[in-house]
Number of protein chains: 2
Amino acid sequence: MNAGDAVERLGALAQETRLAIYRLLVEAGPAGLAAGAIAERLEVPPSSLSFHLAELRRAGLISQQRESRSLVYSADFRAMNGLLSYLSENCCGGDRAACAPVLAAPSIRQSKGGRHEAPARTRRRR
Amino acid sequence: MNAGDAVERLGALAQETRLAIYRLLVEAGPAGLAAGAIAERLEVPPSSLSFHLAELRRAGLISQQRESRSLVYSADFRAMNGLLSYLSENCCGGDRAACAPVLAAPSIRQSKGGRHEAPARTRRRR
DNA sequence: GCGATGATTCGATAATTCTGGAAATATCGT
DNA sequence: ACGATATTTCCAGAATTATCGAATCATCGC
């Protein structure tokens, strides 16, 4: 992974609606979720949702697959892991001892957490 | 960690110069790096560098500490780990079996990788 | 082929973010 | 207190990004 790709992926996730979409897809797992299902859960207008899905796709974070009339989206876990690795690459100059506290906290963790919230809708910034 | 914080952190990293700064600080480890040292390595004009450092700090990804005339910055590994956890939270609905391929790739990895490149300077977008 | 359903593209508008020079601030050594 | 060094703040211009209605495209069932 190079810096450019990483920036693109981070940028794709750095938006409330898109992060919610992505997390929904991470939760859904390999089976994925149809655009309609996402729209319903997140209450995002179709054109906006489409815009954000395209953005996530452009970044390579999710993939699309037609299923009859529906377009089913699913998280690309490879891409995410690549990003996570990139972020911690060469951590502490490779000095494992200095890095102890960092490595202590596992990055992939199953949470028992609650439902997803829809991102605050039609909220204007600032 | 909540969605808002995650978006802020991701947004802070979703910029070429800032990502380069952050990676430099990750590599530097707890000792950190002075603003001047960062500027020199990345060849970013002082005012721009300051802007980006402030952004990373606002997001809680790095911390600042005065050391005589220098301001020394260092990565906050707690914040990063929190973010990583958030991103993979409730992965595959908590079904470990479905998640096998995801968990297979460790997220924190020591790379033997080469030097950091400075972000393409004064490059205008599009 | 038609109407209905599911979703994307287009386009205009509005808001945010990045950039870097010049001026201001902080600290040090003398 | 002064000059030098290290960095930040202020500012305005330039570029990017988000929003969502209306129009369009794709697929299905009949």
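Start by selecting Glu55(B) and looking around its side: apart from residues up to four places away in sequence, Glu55(B) touches Ala12(B) and Arg18(B). Keep in mind as you go that this is a predicted model. Glu55(B) belongs to helix H4 of chain B, which covers residues 46–58. Is Glu55(B) buried, exposed or partly exposed? Count its C-beta neighbours inside 10 Å and you reach 19, so Glu55(B) is classed as partly exposed; 20 would be needed to call a residue buried. Now add Gly11(B) to the selection. Gly11(B) and Glu55(B) are separated by 44 residues in sequence, while their C-alpha atoms are 9.1 Å apart in space.

**Next stop: Leu87(B)**

Stay in chain B and select helix H5, residues 77–88, where you will find Leu87(B). Leu87(B) is buried, because 22 other C-beta atoms lie within 10 Å. For a distance to try in your viewer, pick Ser48(B) as well: Leu87(B) and Ser48(B) are 39 residues apart in sequence, and 29 Å lies between their C-alpha atoms.

**The sheet of chain B**

Switch to a cartoon view and select the strands of chain B. You should see an open sheet of three strands in the order S1-S3-S2, paired antiparallel. At its edges are S1 (33–34) and S2 of chain B, each of which pairs on one side only.

Which residues make up the two strands joined by six bridges in chain B? They are residues 62–67 in S2(B) and residues 70–75 in S3(B), and these strands run antiparallel. Zoom in on the turn of this hairpin: two residues lie between S2(B) and S3(B), and one of the turn residues, Ser68(B), has a positive phi of about 60°.

Then select Val72(B) in S3(B). Gln65(B) stands opposite Val72(B), and Ala34(B) also stands opposite Val72(B). The pairing of S1(B) with S3(B) is antiparallel too and consists of two bridges. While you have the side chains on display, here is a rule to look for: in a regular strand, side chains alternate between the two faces of the sheet.

**Over to chain A**

Now hide chain B and show chain A. Chain A has six helices and three strands, and along the sequence they follow the pattern α-α-β-α-α-β-β-α-α. Of the 126 residues in chain A, 35% are buried. Take contacts in chain A between residues at least 6 apart in sequence: 60% of them join residues at least 24 apart.

Select the strands of chain A. They form an open sheet of three strands, ordered S1-S3-S2 with antiparallel pairing. S1 (33–34) and S2 (62–67) of chain A are at the edges; each has a single partner strand, so one side of each lacks a neighbour in the sheet. S1(A) is joined to S3(A), residues 70–75, by two antiparallel bridges, and Ala34(A) stands opposite Val72(A) there. Add helix H2 of chain A, residues 16–28, to the view: H2(A) packs on the sheet, touches S1, S2 and S3 of chain A, and points at about 85° to the direction of S3(A).

Follow S2(A) into S3(A) next. Six bridges pair these strands in the antiparallel sense, and Glu67(A) has Ser70(A) in S3(A) as its bridge partner. The two strands form a hairpin with two residues between them, where Ser68(A) in the turn has a positive phi of about 65°.

**A helix pair in chain A**

Select H3(A), residues 35–42, together with H4(A). How do these two helices pack, in angle and distance? Their angle is about 115° and their axes are 10 Å apart, with a right-handed crossing. Show side chains at the contact: Ala35(A), Ile38(A) and Ala39(A) of H3(A) meet Pro46(A), Leu49(A) and Leu53(A) of H4(A). By class, this contact has six nonpolar residues, with no polar and no charged ones.

**Last stop: colour by confidence**

Finally, colour chain A by pLDDT. Its mean is 84, with 79% of residues at 70 or more. Confidence in chain A is highest in H4(A), residues 46–58, at a mean of 97, and lowest in H6(A), residues 100–104, at 61. Residues 105–114 of chain A have pLDDT below 50, and this stretch has 22 contacts in the model beyond near neighbours in sequence. Residues 122–126 of chain A also stay under 50, with zero contacts beyond four places in sequence.

How values were computed
Residues are numbered from 1 along each chain as its sequence is written. Chains are lettered from A and ligands numbered from 1 in the order in which they are written. This is a predicted model: local features need pLDDT of at least 70, side-chain atom pairs count only at pLDDT 80 or more; totals for chains, interfaces and linings use all residues. Two strands pair if DSSP finds at least two bridges between them. Helices (H or I, at least four residues) and strands (E, at least two) are DSSP runs, numbered from the N terminus. pLDDT is the predictor's confidence in each residue, from 0 to 100. Two residues are in contact if their C-beta atoms, placed from the backbone, lie within 7 Å. A residue is buried if 20 or more other C-beta atoms lie within 10 Å of its own, exposed if 12 or fewer, and partly exposed in between; C-beta atoms are placed from the backbone. Axes are lines fitted to C-alpha atoms, for helices over the stretch in contact, and angles run from 0 to 180 degrees between N-to-C directions. A crossing is left-handed if the near helix is turned anticlockwise from the far one by less than a right angle, and right-handed if clockwise. Ala, Val, Leu, Ile, Met, Phe, Trp, Tyr, Cys and Pro count as nonpolar, Asp, Glu, Lys and Arg as charged, and the others, Gly among them, as polar.
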